[in-house]
Amino acid sequence: NVQTVSQKAFIKIDVDGSGPLDPFEVTCEFLSDGRILTVLGHSSEHSTVVDSFQEPGSYDQTIEYNARMPQIEALLNRSRECSQRLTYSCRSARLFNSPSDELTFNPFGWWLSRQNQRMDYWAGALPGSRKCQCGIVGNCVDPTKWCNCDANNYEWQEDGGEIKEKEYLPVRGLK
């Protein structure tokens with residue numbers, strides 16, 4: 001179900017009216033089905049090449065948004081639903097080192113929530129699952145793994161999806 005964007009507008013919104021928070025710029029995408037998406041820009045909108053990081057969590061990417069956290073929190077609270085897409089493309093670079101139970105969960109990579117909490121699932125999966133989307137759906141390239149990147153083969157793979165749990169958004173960083 002792909003919706004096309006019929007028009008985009010760059011506007012400043014004031015999420016608290018005449019309150020203490022300053023207005024900030026967003027992109028409004030007007031979809032062909034009548035919905036309007038409010039998109040907040042950030043510093044990591046394009047792919048980032050990560051190479052030569054061997055130790056789990058040794059790579060550190062902080063995401064800077066085009067608004068301050070109180071403004072983002074006000075936007076989240078006023079929104080009916082929110083999501084953020086996160087994708088990890090890999091070649092011989094494991095992500096979660098799956099399968100694992102709660103005691104042996106020792107991922108190579110993870111994302112950080114709004115509260116800087118180390119998250120135990122990848123975008124498209126469920127909180128607490130220690131899985132990627134393919135592990136939930138059951139269609140990983142290696143059926144014994146819970147993430148495509150955990151297959152640890154030399155072919156390009158990808159794990160990604162939408163994070164829809166507003167209480168964890170926005171993603172603060174990637175390790």
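Accessible areas here come from the Shrake-Rupley method with a 1.4 Å probe. With that method, the surface of this chain comes to about 10700 Å², and carbon and sulfur atoms account for 46% of that area. Please keep in mind that this is a predicted model.

Now the overall build. There are 175 residues in the chain, and 39% of them count as buried. The C-alpha trace spans about 50 × 35 × 30 Å along its principal axes.

On to secondary structure. The chain has eight strands and two helices. Reading from the N terminus, the order is β-β-β-β-α-β-β-α-β-β. As for contacts, take those between residues at least 6 apart in sequence: 60% of these join residues at least 24 apart.

Next, charge. I count 24 negative side chains and 18 positive ones. The centres of the two sets lie 2 Å apart.

The last item is a pocket, the second largest one. Its volume is about 170 Å³. Which elements give two or more residues to its lining? They are β1, residues 5–13, and β2, residues 24–31. Of the elements, β2 gives the most, with four residues. If you want to find the site in the structure, the lining includes Lys8 and Phe10, then Glu25, Val26, Thr27 and Glu29. Further along the sequence, Val39, Leu40, Gly41, Glu45 and Asn66 also line this pocket.

To recap: the chain has two helices and eight strands, 39% of its residues count as buried, and β2 is the main contributor to the lining of the second largest pocket. That is what I have for today.

Technical notes: Residues numbered from 1 in each chain as written. Predicted model: local features only at pLDDT ≥ 70, side-chain atom pairs only at ≥ 80, totals over all residues. Heavy atoms only, no water. Buried < 20%, exposed > 50% of the residue type's maximum accessible area, 1.4 Å probe, protein only. Contact = heavy atoms within 4.5 Å. Lys, Arg positive; Asp, Glu negative; His and termini not counted. Charge placed at Lys NZ, Arg CZ, Asp CG, Glu CD. 1 Å grid on protein atoms, 1.4 Å probe; cavity = no way out; pocket = protein on both sides within 12 Å on 5 of 7 lines; lining within 4 Å. Points joined across faces, edges and corners; volume = space filled by probe spheres on them.
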